[in-house]
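Subject: Structure handover

Hello,

Here is the structure we talked about. Please open it alongside this note.

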Amino acid sequence: MKRLRLFIAAAGLTSACAWANPHRLDDSLSHTVPPNVQMQWLPMKSGQAFAGGMEAALRVNIRIDTRNWIGRTGRIYMVLPRDQASSIEAVWTTQGRLQAGRLVSGERALVYAGQIPGATLEDQMQVRLRSHADWTSNTRRLNFHFELDVD
């Protein structure tokens with residue numbers, strides 16, 4: 001009986017891992033406007049998480065390839081992996097196809113939930129990026145991407 005319980009527990013962990021396995025979506029046709037953004041120093045104000053840090057604003061034209069998932073139900077997340085440099089906060093609004101939201105490096109945020117309606121999911125985001133004052137790089141590539149968890 002003990003062996004059976006261990007097997008059931010192991011099987012449960014395996015299926016939970018498979019269930020939580022996100023699918024990375026192709027968003028290679030998405031682009032930012034302008035293509036390169038210059039961070040600007042924020043004024044010093046006490047009590048703010050990013051006081052004295054850097055900020056930039058940009059527009060992102062989102063185009064996510066969803067053709068393999070048409071008709072399926074799931075959740076799409078925007079992901080910003082953590083890297084070795086300063087944390088970045090992204091806050092965005094949309095034109096309504098995707099959800100507005102906020103995330104910090106190392107997190108993912110829900111941007112769509114429901115049935116995948118077609119071969120592409122498109123929207124436009126107005127994004128504000130902020131970092132702490134420990135921003136040290138003249139150039140930095142932010143590797144946002146999108147993941148789908150299918151129901």
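What follows is a short tour, from the whole chain down to single residues.

**Overall**

Keep in mind that this is a predicted model. The chain has 151 residues, and 34% of them count as buried. Its secondary structure comes to one helix and 10 strands. From the N terminus, the helix leads and the strands follow: α-β-β-β-β-β-β-β-β-β-β. I also looked at contacts between residues at least 6 apart in sequence. Of these, 78% join residues at least 24 apart.

**The four-stranded sheet**

One open sheet is built from four strands, in the order S1-S10-S5-S8. The pairing is antiparallel. Strand S1 (23–25) and S8 sit at the edges, and each pairs on one side only. Neighbouring strands in this sheet are turned against each other by 30 degrees on average, ignoring direction. Take the S5–S8 pair as an example. Strand S5 (residues 73–80) and S8 pair in the antiparallel sense over eight bridges. Ile-76 has Tyr-112 in S8 as its bridge partner.

**Val-150**

Val-150 lies in strand S10, which covers residues 145–150. Is Val-150 buried or exposed? Its relative accessibility is 13%, so Val-150 counts as buried; the cut-off for buried is under 20%. Which residues does Val-150 touch beyond its neighbours within four places in sequence? The contacts are His-23, Trp-69, Arg-72, Thr-73 and Gly-74. Ala-113 is 37 residues away from Val-150 in sequence. In space, the two are 9.8 Å apart, C-alpha to C-alpha.

**Ser-105**

Ser-105 is in the loop between strand S7 (101–104) and strand S8 (107–115). This loop residue is buried, because its relative accessible area is 4%. Leave out residues up to four places away in sequence, and Ser-105 touches Leu-80, Pro-81, Arg-82, Ser-86, Ser-87 and Ile-88. With Ile-88 there is a polar contact: the Ser-105 side chain reaches the backbone nitrogen of Ile-88 at 2.8 Å.

**Ser-28**

Compare Ser-28, in the loop between S1 and S2. Ser-28 has a relative accessibility of 58%, so this serine counts as exposed. The side chain of Ser-28 makes a polar contact with the side chain of Asp-26, at 2.7 Å. Ser-28 and Ile-64 are 36 residues apart in sequence. Their C-alpha atoms are 7.7 Å apart.

**Two local details**

First, the peptide bond. Val-33 and Pro-34 are joined by a cis peptide bond, with omega at about 0 degrees. Pro-34 falls in the loop between strand S2 (31–33) and strand S3 (40–41).

Second, the rings. How many aromatic pairs are there? The count comes to zero. There is, however, a charge over a ring: Arg-108 lies over the face of Tyr-77, at 3.8 Å from the ring centre.

**Where to look**

For a quick pass through the viewer, try these stops:

- Val-150 in strand S10, with His-23 and Trp-69 among its contacts.
- The side chain of Ser-105 and the backbone nitrogen of Ile-88.
- The side chains of Ser-28 and Asp-26.
- The cis bond between Val-33 and Pro-34.
- Arg-108 over the face of Tyr-77.

Best wishes

Terms used:
Residues numbered from 1 in each chain as written. Predicted model: local features only at pLDDT ≥ 70, side-chain atom pairs only at ≥ 80, totals over all residues. Heavy atoms only, no water. Helix = DSSP H or I, 4+ residues; strand = E, 2+ residues; numbered from the N terminus. Buried < 20%, exposed > 50% of the residue type's maximum accessible area, 1.4 Å probe, protein only. Contact = heavy atoms within 4.5 Å. Phe/Tyr/Trp six-rings, centres within 6.5 Å; stacked < 30°, edge-to-face > 60°. Lys NZ or Arg CZ within 6 Å of the ring centre and 35° of its normal. Polar contact = N/O pair within 3.5 Å; in protein donor to acceptor, adjacent residues only side chain to side chain. Pairing = 2+ DSSP bridges. Axes fitted to C-alpha atoms, helices over the stretch in contact; angles between N-to-C directions.
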